[in-house]
Structures are given as C-alpha cells and as structure tokens.
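Trainee: I would like a close look at a single part of this model, with each term given its cut-offs along the way. Please take it slowly and connect the pieces.

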Amino acid sequence: MRPGDPRTARAEVALASARGVGTEIFSSQPRADVIRAAAFSVALYAALALAVLGLAVLVLDNLIEGAPRLNPALLTNGTSSLPANAGLRSALIGTLWIIGFVIVLIVPLGVGAAVFLEEYAGSRSRVARLIELNVQNLAAVPSIIYGLLGLAFIARAPLNLGFVVLTASLTLALLVLPVVILVAREALRAVPGSVREGSLALGATKWQTIRHQVLPAAVPGIATGVILAISRAIGETAPLVPLGAATFVTFDPNGPFSRYTALPLQIFDWVKQPQAEFQTLAAAAIIVMLGLLLAMNSVAIWLRNRYERSW
Amino acid sequence: MSETTTTSRRRFNPIAVIALCAVLAAALSLAACGGSGSGGSGLSGAINIDGSSTVGPLTKAVAEQFNAENPDVQITVGEAGTGGGFERFCAGEIEINDASRSIEPEEATSCEDNKIAYQEIQVANDALTVVVNPDNSTDCVTIDQLAQIWGPDGTAADWNEVDGLDFSAPIERYGPGTDSGTFDYFTAAVNGEEGVQTKDFNDVGENDNQTVTGVEGSVGGIGYFGYSYFEANSGELKALQVDGGNGCVAPSVASVQDGTYTPLSRGLFLYPSKQALGDEATRAFIDFYIQNANEIGAQIGFIGLTDEQVATASKQLAAND
C-alpha cells in the first residue's frame, strides 16, 4: 500500500479510531494526500469504465444491427447461401461436439497434472520445475501456433485424424490445458497444509488425503478454471482455420469423426459475404456467442462465490 | 477456523464432478445430433470442397440445392483461395477444388507426385471487376493505366499521376492475397507476369468484403474482385470500364459471354479428382452443378456459361464413363 492509495487512507483512519485518538490524525492528514487519493480512485474507476464501456458498445452495436435476426430460427436453421434461410444450427452443434470432447480431455489431464505438480513433485524437483516452466510458457503461446501444430501432427501424420471434430477438440484441449493446470494448481495450493497434515495424522494414505480432503476442497477453484478455459476454447477461431474447419457445411456434425464448422468460423464466414443481410446475420450470431460466453462465465463466478471458503 | 469443515467437504466428490462433466458433454452432443433421418434419392457420402472465394458462393448455393434433393450427402465448402485449395487438393485432403484460374505447372506436379489425377470443368464465367469509389470521376481505364496503378515499379501515388487521368486523390489499393486465383489472374493480365504487383496495397486475403468497405470509404480507393461481389454492392461502388485495345467495355453478363470484356474475363472452374468422379455422389453433384449453375448463379450475381460451354462441360464429365 503506497501513500495515495485510498486503502492507505482508510487504514490510517481505522488505525486512528482504534487507538482512540479520534479525528486528530484524520484532520492532520496532508491535503495533497487526500487529493492524490481521490485522483487515484477516479483513475481506477475510469479504467474500469473504459473496459465495461468497450463491452457495452460491442454488445449494443451488434444488438442493434442483429436485432432483426435474433429469433429461434437463427438457432434452428442450417447453413444456407440465402441469407433469409441461413441459421446457426450446424455451427452450434459443431461447437457443442468440439467443446464436449475438450471437456472430456482437459478435466482429467489438467487436474491430474496439477495434482502431480502440487502434491507429488517436490518443489525442488528439477523435472517438476522444468514442467512448470514449460506449462507457463505454453500458456503464452499464440493460438494460431496451436492450430499449425494440430495441422502438422494431429490432422496430418503421425496421428492422421483428418479434418474432423476430434482434431479440433485435441488442438483446443492443448491450447487451454496450460490454463487449466495453472488454475488447478492455484486452487490446490489454497488448501492449507494443516488439512493434509491432519488427514495424514489420522492414518489416511497420501492418495486418500488427496482424494477425500484436498481435491474436494479445491473443486470450486478448479471448476472456475475449467469453465474459463472452455469459454476461451469456444471463442477461438484462429487455430480452427488451418484445421480445415469448412465454413459451410450442409449437414449437422454427428460425432468425433464428422466434418464440422464452429460458431466463430460461421461468424467469420458471414462477415465475408457480399450481401448486407449476412452482416446482420453475423451481428445476431455474435450476440448468440457473447450470450453463451457470458452465461458460462457467470456460472464460473457463481460457482466460485457459492463454494469458495476461507480457511 | 479450519477444523470445522471436515464433514461437510464430502459434497464435492471430484470423481463425480468429472463424471458429471463428461455426461453433460455427451448429453449435449447426443441431443444435438438428432434429426439426421434418411430420405430422398438414396445417394450418400461426403464431398469436401475448398478453394476460391470467388467460386465459393456459387458452390455453396449449388450444394444447398443439391442437398435439398439428396439430404444424405454431406458437403463441406471452405474458402482457402484457389492456391490454398490446390495445396489441399493435391495432398488428397479434399475431393473438389474451386478454382478461379487453371492449375499451375507446380501444382500439377504436386498432384502428380501424390498420384492425384484430376479434371478441369468450367462451371461459370467471371468478369474480374475493377471497382473505385463512386466519387471517382474516372470511367474507363486501359490495361496500361491499370498497370501504372498496380505494377511493381513506377507505381503512381495519386490518380492524377496516371497518364491520361485527371482525377485527383491519393490511390488506396485493396487486393486479394497471394493464395487467391483472382490475384494470380489479375497480375498476369495487367502486369504481364503472374504474382508480380506493387507491395503498397492493403492485403484483404480472401475477404473481398474488406475491399468493398475499403474502397467505399476512401475517395481514391481501388480494388478488384469477382463480378458477383460487385453485383451485391453495386450501390456503393463503381465498376470501371476496361479498354483492352478495342474500346471501353463495362463488365456485364453480355460482355463476358460474347468475349468483348477482355482481358479481364475468365472462367471459373471445378477441379474434381478422378477418384472422386468415380464416386456416385460426387459425380451426381458435379452433374447437378453443370446443369443448374446458370440458374442458381444468376440469382447471386454470377455470369453463367453459354450453351456451348454447358455442352462442353457435360461432354468432359461424360468422358469419365
């Protein structure tokens, strides 16, 4: 806490009243400090307002443009080259398939890796530190790089899966896995050592301790991380482009080895179309996607608030 | 504080949570994939198409109509550009490539190396349309004037630096990326050598709409793309007439079909692999394409084939029997 921070001022006031010295300290506070504190909080609010304003403008702009097409038909109609008939169904189903497999992949892998790093590998272990460094670096790799990785190793040889749902899921899972691991570790670390020691002291094995004490306590944090990771995976467009996600599919993707398209790509494709009606459609689709993301993030926040505990 | 919570912690069984997530995902997916009932012609299979963003809209429209009659044929259409599409086509990743130019020798070699035999079938005509801002007073350009704007050297910075033009505004160029067949065709026709062009331009990749907004928003803007993009935006843009040596000719269905819009009229092609042509569904699709492209294309601004060209295409396809 630096001077000028409103918290400093408040802390001083609190301290002052605690000491019972009343307003003397408060009134003797230099005027410049008060002004600085006020200016700082104004700056903070301005920063917050700017961020919220950006989102609000984006949502409103698209809401106004896309309003005429925001109806159930948008969700139930398939792809069409006639803007009047076009809808999101194939893209929505494609996204659900992709994300479904992403969840199946990242939850066990991410949580497993975090448990290993946090509970089993000692902090002095070279291997663990190497892994940790790599996970942190991977979290910062641009998403298109993962797309190219997926193209080279998953879509083509050696895995040679082709351009199907599972290829996209595997690639997106790799992309968000570092985030899940980092968040899960954070959640595990927040569980106090006394809980582990208490469990061990009662004769539980290490696995029993992790399974019955540590993991349950960390679930809210882990769930939040997983949901945020999934939100990111839903919105990713760049890695899917080299993975051959066609922008126009005339059928509903129906399994891991089905060809597909996904929400962000459908939007991307509509924006490219020459007809103005498609721009409207794209705006409506953006609203659908933003709605989906905001809903998921709200669930994450709710989960955290509902189950978070302080030790 | 920490000793009080031991008993209540059981609620969060991690295994159960994981299982729940998995079940949820599966349920979502299953719920989503209903309604793929069979019906129609009995044709089934998958046709994967990629390639030119100029041909793409036509292929999508045809695929949609074809699917109305043959719901069990799964068709995907991507728009990676003619060059990008050929790359995938020759790697055996797609069955048909949409092309806005003929295959290049290097691409042909690549296909040969991978033992991909193919056939070129023309499905539409196109006028490569040069568009400018409506406020631009220029109406007609010669190929030489275009080359002064788009050429690799001695490039004009202002419209009035181009010989014979008296409009004054800084030139802002919008052009497709190097994966585009439109880029290849335009540079070959205008600059005399394929792939050679000034570096001073806004690369819109395969997103021709960016050219529309760019030229619309800039008085000195100039761009080029397939005729259908101009058709859809003719209110916002002005198409230049092109003088290929025999006077100014505006791009239009008539001037392309009678061959007077030169040298910027071109054919649009499908490149199916011979193997795909052996597949009943793909074969039926291409047949449908040739028979219906004129009618479907006319609604979305494409220039159809002449009767003669339709006959040639049908004959080419029949030669595979």
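What follows looks at one strand of chain B and then at its surroundings.

Mentor: This is a predicted model, in which local features need pLDDT (the predictor's confidence in each residue, from 0 to 100) of at least 70 and side-chain atom pairs count only at pLDDT 80 or more, while totals for chains, interfaces and linings use all residues. Residues are numbered from 1 along each chain as its sequence is written, and chains are lettered from A and ligands numbered from 1 in the order in which they are written.

The part to examine is strand 2 of chain B, residues 73-77; helices (H or I, at least four residues) and strands (E, at least two) are DSSP runs numbered from the N terminus. Five of the five residues of this strand are buried, a residue being buried if 20 or more other C-beta atoms lie within 10 Å of its own, exposed if 12 or fewer and partly exposed in between, with C-beta atoms placed from the backbone. In a regular strand the side chains alternate between the two faces of the sheet. Here V73(B), I75(B) and V77(B) lie on one side and Q74(B) and T76(B) on the other, and both faces are covered.

Strand 2 of chain B has partners in both chains, where two strands pair if DSSP finds at least two bridges between them. With strand 1 of chain B (residues 45-51), the pairing is parallel and runs over five bridges, and within it N48(B) has T76(B) as its bridge partner. Between these two strands the chain passes through helix 2 of chain B (residues 56-69), making a right-handed β-α-β crossover; right-handed says that, with the strands pointing away from the viewer, the path from the first strand over the helix to the second runs clockwise. From the other chain, strand 1 of chain A (residues 248-249) runs antiparallel to strand 2 of chain B and is joined to it by two bridges, with F248(A) opposite V77(B).

As for the setting, chain B comes to 12 helices and 13 strands, and buried residues make up 45% of its 321 residues. Elsewhere in chain B, five strands form an open sheet of mixed pairing in the order 8-7-9-5-10. Strand 8 (202-203) and strand 10 (238-239) of chain B each have a single partner strand, so one side of each is left without a neighbour in that sheet.

For the chain that supplies the antiparallel partner, chain A, the mean pLDDT is 86, and 90% of its residues reach 70 or more.
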